[in-house]
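Work through the following exercises with the sequence and the model side by side. Try each task before you read its solution.

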Amino acid sequence: MEPERPAGDDGTSILMEEMTFERYLERIRGGAVVILPCGAIEQHGPHLPMKADAFIATAIAERTARAHDALVAPSFNYGCKSQALSGGGQVFGGTTSLDSDTFTRVLRDVLRELMRHGATRMLVLNGHGENQFPTYEGVDLALRDAGRDDVKILVAGWWQFVSEERIREIYPGEFPGWDLEHAATTETSLMLALDPASVRHAHVLDERMDHVPPYAVFPQPPDLVPRSGVMSRATPASRELGEALLDTVRRGLDDLFRREFP
Ligand code: ZN
Ligand code: MN
């Protein structure tokens, strides 16, 4: 006889936070992959909400979880410090960041807890570039603490599934590189595809940086990045490009699941 499920958990949710703890334990002990989206609260120009990085990572995580019978843990909405040449830096109000060390330790704690519950297959899915290396560190420390050899944890940023060749095919004009895509054509396109009501169309603008030094300067010179917080062109953004990016990322994640989590 099927045990009666408590109200609020109809057994179909992919979100960890919506499950009863018993349903959650049943899922991960059955081998379900846990996807942990990581983003940031960060300025994204005059046209995008500050949730963009966390929102995009979470939306991709949810679609992936539905396709692969995985589940999604609550996202990290605060991310690592914004850097000048990839997110405009900490000179902007609104950008609300953690020290890398704090982020790493929180991630380590959360991964430890997931492993304690019995999770053995996890994917940390990043939407904010600056989280990448602190994520590696958090995963490494969590695995070192756990001392287990039955656990596999993967880390990826969504853009890593979009090859240079693919971006050349779908990008309108010359691609400035992922770092300068902050609040620009690709992120705006993704938000147009995922949450069009959150994009302020009249405020989408093009920027170009006069000089992009091949090194970092601390403290950040006040005139280094455009005051708008946009790092390159955003007006070529379209819902179609957003859908093409999502499709490309989806195929990359399908491949990841086939190879790594059969
Ligand atoms: Zn972003
Ligand atoms: Mn970011």
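**Exercise 1. The ends of a metal site**

Task: Decide whether Glu 42 and His 128 are buried or exposed, and then state which metal ion they help to hold.

Solution: Begin with the surface, bearing in mind that this is a predicted model. Glu 42 and His 128 are both buried, since a residue is called buried when its relative accessible area is under 20%. Next, look for the ion: Glu 42 (OE), Asp 53 (OD) and His 128 (ND1) are the protein donors of the manganese ion (ligand 2), at 1.9 to 2.4 Å from it. Written along the chain, these donors have the spacing E-x10-D-x74-H. The pair joins distant parts of the chain, for Glu 42 is in the loop between β1 (34-38) and α2 (52-68), while His 128 is in the loop between β3 (121-126) and α5 (132-146), 86 residues apart. Finally, turn to the second metal: the zinc ion (ligand 1) is 3.4 Å from the manganese ion (ligand 2), and Asp 53 coordinates both.

**Exercise 2. The protein as a whole**

Task: Find how many helices and strands the protein has, and in which order the elements run from the N terminus on.

Solution: Counting gives eight helices and four strands. Read from the N terminus, the order of these elements is α-β-α-β-α-α-β-α-β-α-α-α. To judge the overall form, compare the radius of gyration with that of a compact globule: for 262 residues such a globule would have a value near 18 Å, and the protein has 19 Å, which agrees. The C-alpha atoms fill a box of roughly 65 × 35 × 35 Å along the principal axes. As for the interior, buried residues make up 52% of the 262 residues. Among contacts with a separation of 6 or more, 78% are between residues 24 or more positions apart.

**Exercise 3. A covered helix**

Task: Establish how many residues of helix α7 (residues 185-194) are buried, and what covers them.

Solution: Go through the helix residue by residue, and you will find that ten of its ten residues are buried, so that α7 is mostly covered. Among them are Thr 185, Glu 187, Met 191 and Leu 194. Now look at the surroundings: the cover of these buried residues includes α2, α6 (164-170) and α8 (239-260).

**Exercise 4. Backbone angles that stand out**

Task: Determine which peptide bond is cis, and compare the surroundings of Asp 69 and Ala 183.

Solution: Start with the peptide bond from Phe 218 to Pro 219, which is cis, with omega near -10°. Pro 219 has its place in the loop between α7 and α8. Then consider phi: Asp 69 is not a glycine, and yet its phi is positive, at about 55°. Ala 183, likewise a residue other than glycine, has a positive phi near 60°. Asp 69 is in the loop between α2 and β2 (71-72), whereas Ala 183 is in the loop between α6 and α7. As to the surface, Asp 69 counts as exposed because its relative accessibility is 56%, while Ala 183 is buried, with a relative accessible area of 0%.

**Exercise 5. Three residues and their surroundings**

Task: Say where Thr 235, His 117 and Gly 30 lie, and whether each is buried, partly exposed or exposed.

Solution: Take Thr 235 to begin with, which is in the loop between α7 and α8 and is partly exposed, with a relative accessible area of 41%. Apart from neighbours within four places in sequence, Thr 235 is in contact with Val 204, Leu 205 and Asp 206. Continue with His 117, which lies in helix α4 (residues 100-117) and is buried, because its relative accessible area of 16% falls under the 20% cut-off. Residues up to four places away in sequence being left out, His 117 touches Tyr 24, Leu 25, Ile 28 and Arg 29. End with Gly 30, in the loop between α1 (21-29) and β1, which is exposed, with a relative accessible area of 66%. Gly 30 and Ala 73 are 43 residues apart in sequence, and their C-alpha atoms are 16 Å apart in space.

Terms used
Residues are numbered from 1 along each chain as its sequence is written. Chains are lettered from A and ligands numbered from 1 in the order in which they are written. This is a predicted model: local features need pLDDT of at least 70, side-chain atom pairs count only at pLDDT 80 or more; totals for chains, interfaces and linings use all residues. Side-chain values use heavy atoms; hydrogens and water are left out. Helices (H or I, at least four residues) and strands (E, at least two) are DSSP runs, numbered from the N terminus. The radius of gyration is taken over C-alpha atoms; the globule rule is 2.2 Å times the number of residues to the power 0.38. Buried means under 20% relative accessible area, exposed over 50%, partly exposed in between (1.4 Å probe, protein chains only). Contact means heavy atoms within 4.5 Å. Donors are N, O and S atoms within 2.8 Å of the metal (3.2 Å for Na, K and Ca); water is not among the atoms, so sites may look incomplete.
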